[in-house]
Structures are given as structure tokens and as C-alpha cells.
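Here is a short tour of a protein complex, written for someone who likes to check each statement against the coordinates. Please keep the viewer open as you read.

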Amino acid sequence: VKKPAERARAIDRLRSLPPLRGATDKELGRVDRLTYEAEISPGGVVTKEGESARGFFLIVSGRAIVTVAGLERDALERGMFFGETALLDGAPEPATVTALTPMRLRVANRREFAQLSQVRPMARALLEALAAQERRSFDDGASRPNAQSTEISHSR
Amino acid sequence: VAKFLLEVYVAAVAGADAEGLARRARAGADGLSAAGRPVRCLQSILVAAEETCFLLFEAGAAEDVREAAARADLFGRVSDAVTDHAGCAAGVSETRPSGSGKS
């Protein structure tokens, strides 16, 4: 159980993250309780393409690279999130995410993620990420994404 | 030395392998112990319905458990834990005669 001062610091860190802008203290407290903090060293692999879901990850600080089939596809930074695709569709992780710098993450398992997605600002961020993913797939000329989508989504 | 519980998310589709996770956790703990920060993985309990493997550690601090987990490539929430094996054993011993039907 966190001490009040420790919880207040954690909530302040969450408040500054883009997906949680505008969240109330109560909502931020819920995010704090539903997630735990993890630190990753540079080179650390957070998710591995083809393996089962490892959780939902919200980047508090640091940068990561996304690779698919060994090719760099994207860069992730503070405020972005990943891991939700495999949690939502139950399929293997669609991409490998590797830390480029020391990273601080907020992590949730499937059950916690389900509750997290009901927290107002987080729900909106997830919907925006899914919309961006769908638009990218249309721009790429791909068919409409469905439950078997292999695109990784993220949000600033 | 205190005890800590590491909760590791294990997706149901992964085919739960508590022994494998415990082996990795022990390897991570051994590596950190060899570096002068004693950590021991005492027990693992897989609760498949919750998609969670609980790993019980003995360590000097929660941070040591996090480091051991990181070395084992495991993510998880670390919490302070209190165990009472003696109390449970005593409880079993006390209830067995009346529950066995052999008195």
C-alpha cells in the first residue's frame, strides 16, 4: 500500500501524461491503483512478436523502438502505449518493442486493462489509437482491420 | 530479510507453466545473489483462472525482487508478504481428526 505522499507523487506523474490530460484526481487514483510501475534498461525487450500478451504498457518516460519481422516500424515515447492489441484480440503480440533508453512504464494485466479502459480519458485515448490504426490500414490500402489485426497501435 | 510476492501476468493462451516461470525466477534470484544481493524464490502458485502466477521471494528489499524479476525477463507487481506455514499446518492438524471420520 502506498503512503499518501508517495501516491500523490505517482498521481502527479500520471497527470502530466498526454493520454491522461484532463483526468480528475479520482480517475488518476484509479489508474494508479490499476497499474504498477516497471523500469526497463536500454536494450530490454518488453513485448516479443509472436509471443503471448505480456500486458498493457503506458510509457511514463523513455523511448522504445517497434520492430516487425526484424524491420523498424515505429518509435514510441513518453505518453504512448502498447500491448493492448494482444490483450484485446487474444492473438500473439504483433510486434517487438525494445527499450532504446531507460524506460519507466505503467503496466496492467488483462483484467486491470479492462478496468483501465473504462477510465474516461484513457478510454478516449484508446479509441483514438484504434481510429489511427484503422486510418493507417486504409492509407496502406489494406482491408478493414478486424479482430485478427496485426497492426500495433499507440497514441501520443 | 523479508518476504515479497511477485504477481506475473500469464496470458491464458500461453499454456501456463508455473515450473518454468519459477525456474526463471530462481535463475534471476541466483544471479542477483551472486552479485551480493541475496534473493531467494521460495514458491510459485499458478492461478490459471486469474492468468496470474504468484512467486514468493525472500529478499532484503522489494527492489531486489524487482531486479531479480528483470533479470528473469519477468514483469510483475511486487508486494510485501507475510506467510504463516506453521499456523496453517497447525490448523490442518487440529481439524484432521474430526474431518477424517476415523475417530
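## A strand in chain A

Let us begin with a single pairing: A:Ser61 has A:Arg104, in β8(A), as its bridge partner. This pair belongs to a wider match, since β3(A) and strand β8 of chain A (residues 103–108) are joined by 5 bridges and run antiparallel. Keep in mind throughout that this is a predicted model.

Strand β3(A) also pairs with strand β6 (residues 81–82) of chain A, again antiparallel, through 2 bridges. There, A:Leu58 sits opposite A:Phe81 of β6(A). How many of the 6 residues of strand β3 of chain A are buried? The count is 5 for this strand, which spans residues 56–61, so the rest of the structure largely encloses it.

## Chain B in outline

Moving to chain B, you will find 3 helices and 4 strands. Following the sequence, they come in the order β-α-β-β-α-β-α. Of the 103 residues in chain B, 33% are buried. Among contacts in chain B with a separation of 6 or more, 68% link residues that are 24 or more positions apart.

The accessible surface of this chain is about 5,800 Å², and carbon and sulfur atoms contribute 53% of that area.

## Helix α2 of chain B

Helix α2 of chain B covers residues 62–71, and its buried residues are B:Ala62, B:Asp64, B:Val65, B:Ala68 and B:Ala69. Viewed down the axis of α2(B), these buried residues lie within an arc of 155 degrees, so they line one face of the helix. The spacing has a general background: an α-helix has 3.6 residues a turn, so residues three or four places apart point the same way.

What do the buried residues of α2(B) pack against? Their partners in chain B are the strands β1 (2–9), β2 (39–47), β3 (52–59) and β4 (77–81), together with helix α1 (18–34). Just past the end of α2(B), B:Asp73 adopts a positive phi of about 60 degrees.

## How far to trust the model

For chain B the mean pLDDT is 84, with 80% of its residues at 70 or more. The pLDDT falls below 50 over residues 93–103 of chain B, and this stretch makes 0 contacts in the model beyond near neighbours in sequence.

For the complex, the predictor reports an ipTM of 0.78 and a pTM of 0.83.

Methods. Residues numbered from 1 in each chain as written. Chains lettered and ligands numbered in written order. Predicted model: local features only at pLDDT ≥ 70, side-chain atom pairs only at ≥ 80, totals over all residues. Heavy atoms only, no water. Buried < 20%, exposed > 50% of the residue type's maximum accessible area, 1.4 Å probe, protein only. Contact = heavy atoms within 4.5 Å. Areas by Shrake-Rupley, 256 points an atom, 1.4 Å probe, with all protein chains shown as cover. Pairing = 2+ DSSP bridges. Arc of directions from axis to C-beta. pLDDT = per-residue confidence, 0-100.
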